[in-house]
Amino acid sequence: MSASEYTPPKVWTWNKENGGRFANINRPIAGPTQDKELPVGRHPLQLYSLGTPNGVKVTVMLEELLALGHKGAEYDAWLIRIGNGDQFGSDFVAINPNSKIPALLDRSGPKPIRVFESGAILVYLAEKFGSAFLPTDMAARAECLSWLFWQMGSAPYLGGGFGHFYAYAPTKIEYAIDRFAMETKRQLDVLDRRLGESEYLAGGDYTIADIAVWPWYGGLAKGLLYGAGEFLSVQEYKNVQRWADQIGSRPAVKRGRMVNRVQGDPASQLHERHDASDFETKTQDKLAAAAE
Ligand SMILES: N[C@@H](CCC(=O)N[C@@H](CS)C(=O)NCC(=O)O)C(=O)O
């Protein structure tokens, strides 16, 4: 049935056959589907995640904290394969009742602290490590949190709206693609104007706002999301391009992007991270060579 022929019934019911990428993991109910224990490593921070834009925010933050010398930011990063439904396992749901990566468990205190939602995780880590990458001056802090929350509110239009209908939906619906392409370009223009007046989103300093926005809009600007660079004419956003390159060249960002990554060049994929040396020895190309 084409989009124009569809008349919604009086009461919506779950049609498992609706197709599209991720249709196999989408459900209209919450909660765990299976009893499943999560592994626990030796570090205080346990991260359960995947190298998507939302996951990358947290691994970049942890690598930046370690680069600043915060040894307490050592972490074990475990892979949650959302395509296999790992996010519906009982232990994972106990950390994130919303069943989405990233999810963090801080085991450094007497009682483990769970943190879910990438924005909340960034603020939690910033506060845990002396307001790192989160300004303490009231005005700069307000600007930083404003851009952080801008990302949390805006990216679903990019991912769930534009990305879904442009790249994943089983049929190309012009109305939906037009609507979300327009909004995505408007968001890129919002960023471009801001980055035309200041080096980073919150002002002169690199903050958790940049860490949150970069994996989504930096990725989009560099043509890495949904194969949509040309379609959205991303080269036009010169200030976003400058900022995306600047952040992408940071060593901690390069490392953070590798963690829990399961696609692309095998040399760029570190499925699990338990030690700083893993970047040199445990990427998929090295593991494959060692297994030969
Ligand atoms: N607002 C959440 C979004 C998290 C999110 O959408 N995660 C996706 C991967 S990027 C996920 O786990 N999807 C699995 C599912 O929907 O079942 C955050 O920022 O943490």
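Which residue in E3 does Leu47 stand opposite? The partner is Leu104. This pair belongs to a predicted model, and the account below starts at the strands around the pair before turning to the whole chain.

Strand E1 covers residues 45-49 and strand E3 covers residues 103-106. The two strands run antiparallel and are joined by 4 bridges. Both are part of an open sheet of 4 strands, ordered E2-E1-E3-E4, in which the pairing is mixed. The edges are taken by strand E2 (75-79) and strand E4 (113-116); each has a single partner strand, so one side of each is left without a neighbour in the sheet. On average, and ignoring direction, neighbouring strands of this sheet are turned by 20° against each other.

A helix accompanies these strands. Helix H1, residues 53-67, lies across E1, E2 and E3 and runs at about 155° to E1.

Beyond the sheet, the protein chain contains 10 helices and 4 strands. Their sequence pattern is β-α-β-α-β-β-α-α-α-α-α-α-α-α. The radius of gyration is 20 Å, close to the 19 Å that the globule rule gives for 292 residues, so the protein chain is as compact as a globular protein of that length. Measured out along its principal axes, the C-alpha trace spans about 60 × 50 × 45 Å.

Two further values describe how the chain packs. Of the 292 residues, 36% are buried, meaning that 20 or more other C-beta atoms lie within 10 Å of the residue's own. Among contacts with a separation of 6 or more, 65% are between residues 24 or more positions apart.

Key:
Residues numbered from 1 in each chain as written. Predicted model: local features only at pLDDT ≥ 70, side-chain atom pairs only at ≥ 80, totals over all residues. Rg over C-alpha atoms; globule rule 2.2 N^0.38 Å. Buried ≥ 20, exposed ≤ 12 C-beta atoms within 10 Å, placed from the backbone. Contact = placed C-beta atoms within 7 Å. Pairing = 2+ DSSP bridges. Axes fitted to C-alpha atoms, helices over the stretch in contact; angles between N-to-C directions.
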